[in-house]
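I sat down with this one to see how its parts fit together. My notes are below, in the order I looked things up.

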2 protein chains.
Amino acid sequence: MEYSFSDRVQALKPSAIREIFKYAADPEVVSLSAGNPSPEAFPIEEIKEISSRLLEENPIGVLQYSVTEGYPQLRETLKEYMKSHHNVGKDFDDILITTGAQQIMDLATKSLVNEGDVVITEAPSFIGSLNTFRSYNAKLVGVKIDDDGMNMEELEKALQTHKNARFIYTIPNFQNPSGITMSLEKRKKMYELAKKYNVLILEDNPYGDLRYSGEYIPCIKSFDDEGIVLYAGSMSKVISPGIRVAYVIAPKPIFQKMVVCKQGNDVHTNIWSQMVCNELMTKYDFDAHLEKLRNLYRKKAQFMMDLMDKYLVPMGITYAKITGGLFTMCTLPDYVDMQEFCKDAIKNKVCVVPGNAFLTDESEECHTFRVNFSTPTDEQLEKGIKLLAKTAENYIK
Amino acid sequence: MEYSFSDRVQALKPSAIREIFKYAADPEVVSLSAGNPSPEAFPIEEIKEISSRLLEENPIGVLQYSVTEGYPQLRETLKEYMKSHHNVGKDFDDILITTGAQQIMDLATKSLVNEGDVVITEAPSFIGSLNTFRSYNAKLVGVKIDDDGMNMEELEKALQTHKNARFIYTIPNFQNPSGITMSLEKRKKMYELAKKYNVLILEDNPYGDLRYSGEYIPCIKSFDDEGIVLYAGSMSKVISPGIRVAYVIAPKPIFQKMVVCKQGNDVHTNIWSQMVCNELMTKYDFDAHLEKLRNLYRKKAQFMMDLMDKYLVPMGITYAKITGGLFTMCTLPDYVDMQEFCKDAIKNKVCVVPGNAFLTDESEECHTFRVNFSTPTDEQLEKGIKLLAKTAENYIK
């Protein structure tokens, strides 16, 4: 049987990262390619306690159908949390609980973007989001990132050129994959440009609560007086990714369309996990939990940077200073073929993600690769960085 | 701010049933409009036991990111279950775990249907699926249902007329909303027609294991030698709908496209709940659990039919005999305005779903309404049917 598929999925490929994970699954390979929280980061005891209490006190609530908008108590808790911690959420906004933040990308694109419409993204950007935009036949326009976030001249040029741009997708804090954080000045500028050119902003902030150094910078959504920003938050990096709970705060008319789309997508998010998140945030000291995570990752980030300073920098490989999140991007000298380097690294039993996987045009020349420091143990980090240095020996002049 | 939306969602409305649920939420109203499992149907003690054991033995497995295809052990368990119980699944097939069966409708439509392509469905059919097809701008063509399932002459006519039909959507067992089951003969005929006209079949079977009387009829997928059937199964009616776990068995090339679409949709299904389902199916007597559910619902179904025989049939209201599933459809005499009847029923504090909500063209003349017997208590069922009879007094000549 010859199968034919819809135009929108004809060209879709499995994520390049997923392919790399196949190598990473080899127990002999040190994987610096993942984006998983540290196994030490999960509030296991609390979840045990909450889960058995919920199943005791309200088993039907845990197991029965629920509403598309999300568990009402969790929506309330997150509304208050985002208001008090990040000044996010106005009267014209509403909040929808989603099955991971990936679903926010899906619902936003489905609601807002016609085939052929433009989505402007940072280049590089999170491959999962890019692939979702592509799956609706959106045209991706990448704007390069400077050390302080998206280049604003290029962004304005892109907005002038592409009249059918529907939204700007940005990860302002500890961006995946670059690790870069957008300055306050640029956040304000991006908001002004979006207003001027009548496009929306989709602000994706999975790592916002994981800052290890430097000063807090307000979310773009906190300036949103006009109702042009969709804010995506997630429990994946602060509670658990396996339970797939995230949320979007968006102006009510957009919220309503997203609710209708979610109804047709998965009816509602796993209610058991929503209830667990709400208990964790209200009956336990959630701020203390976040502080614990920051302490855990701050140490790991510093350990990673020390290793890179010692083994990679002398080989001419630079990296963006880690101030939060789970990643940083390394840059090879520009005479090194990055694809060859990454393949050789795998032969040497260390696995990283080639930087072009994150580009809107994967065929562009690229000398970067992404490394993660949250998933490996300290021993694995040390071994992995040494193996990268060993790989570099063959390339560096 | 004026928001503009994509063409595909411009016309999407919240499901009519959801609107009705607002009335049903009034504690004074007896709701026969839901589709929830009975609160008595949940294996609460088993889930308690499994969940605390999993969090003890493998907490990282429960909370960490997992793979898009689904929990490998659950995929294996379901493969074996479907092979041994329903002779479903061939070497050319593979199985994907999804976030409820609603997501199967989404992934199948996204993978297979271009805007303007035709999806052929039973009329009436499950509104949730119809709305998902609509959300991709598929054109719905409804084929009427006889007492033994979809009318095959009309189906063939539809296939001849609509060369761009991509698949036939059918719920062969205890259909939602009609309660009707397709005969073996018609199942074979549908398969032959699909083959002849080169379209796929999406067989949705959430109630297949809930037969209360009559003989087992094989799934359409069990005849599938050509790889033209997608089979949708679900845990919602046999374990819990709140945890959103379902599965699709489809030919590998279609499976692969659905995996890529799911990656962009929600990355993977809640892994905790997948593991719970697998434990329930392997470490407990799952067949005995299903038998328990059938005994519970058989009693409720009989109770409901006795009530309808006593109070509604004498008023000229007929219904389809309940042999399985959670619903049946009542038919009013054709001189009664069904919409008015349903509105008056709400005034009388009983809530049912108007039949036209399930039609591909909601404006068609319609004299039916759907009733559910799984969610209400016996007391509520009795009260509800009596209130329907009272409502009918004003209409019946």
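These entries go from the domains of one chain, to the contact between chains, to a sheet.

**Entry 1: domains of chain A.** I kept in mind that this is a predicted model. I started with how chain A is split up, and found domain 1 (7-43 + 288-393) and domain 2 (62-283). I looked up the distance between their C-alpha centres, and it came out at 24 Å. Next I checked who touches whom: 34 residues of domain 1 of chain A are in contact with 34 residues of domain 2 of chain A. The two domains bury about 2800 Å² between them, and 62% of that is on carbon and sulfur atoms. I then asked which three residues supply the most of what domain 1 of chain A buries there. They are A:Thr323, A:Phe358 and A:Thr360, with 22% of that area.

**Entry 2: polar links between the domains.** I went through the salt bridges, and the rule finds 1 across this domain interface. The partners are A:Arg8 and A:Glu115, with their closest N and O atoms 3.9 Å apart. I also got a count of 11 residue pairs in polar contact between the two domains. On the domain 1 side, the elements giving two or more residues are α1 (7-10), α2 (16-24), α12 (286-311) and β11 (327-331) of chain A. The largest share, 7 residues, comes from α12(A). I noted the make-up of that side as 19 nonpolar, 8 polar and 7 charged residues.

**Entry 3: chain B against chain A.** I moved on to the two chains, where 79 residues of chain B are in contact with 79 residues of chain A. They bury about 6800 Å² between them, with carbon and sulfur atoms giving 57%. How many salt bridges are there between chain B and chain A? I counted 4. I looked at B:Lys48 with A:Glu56, a salt bridge whose closest N and O atoms are 3.2 Å apart. Polar contacts across this interface come to 43 residue pairs. Several helices of chain B give two or more residues to the side touching chain A, among them α3 (44-57), α10 (252-263) and α11 (271-283). α6(B) gives the most, with 7 residues. By class, I have that side down as 34 nonpolar, 30 polar and 15 charged residues.

**Entry 4: a sheet in chain B.** I traced an open sheet of 4 strands in the order β10-β11-β14-β13, with antiparallel pairing. Its edge strands are β10 (318-319) and β13 (353-354) of chain B. I followed β13(B) to β14 (residues 368-372) of chain B, and the two pair over 2 bridges. B:Val353 has B:Arg370 in β14(B) as its bridge partner.

Conventions
Residues are numbered from 1 along each chain as its sequence is written. Chains are lettered from A and ligands numbered from 1 in the order in which they are written. This is a predicted model: local features need pLDDT of at least 70, side-chain atom pairs count only at pLDDT 80 or more; totals for chains, interfaces and linings use all residues. Side-chain values use heavy atoms; hydrogens and water are left out. Domain bounds come from an automatic or database domain assignment. Contact means heavy atoms within 4.5 Å. Buried area is the accessible area (1.4 Å probe) that two parts lose on being put together, summed over both. A salt bridge is a side-chain nitrogen of Lys or Arg within 4 Å of a carboxyl oxygen of Asp or Glu. A polar contact is a pair of N or O atoms within 3.5 Å; within protein, one must be able to donate a hydrogen and the other to accept it, and residues adjacent in sequence count only if both atoms are side-chain atoms. Ala, Val, Leu, Ile, Met, Phe, Trp, Tyr, Cys and Pro count as nonpolar, Asp, Glu, Lys and Arg as charged, and the others, Gly among them, as polar. Two strands pair if DSSP finds at least two bridges between them.
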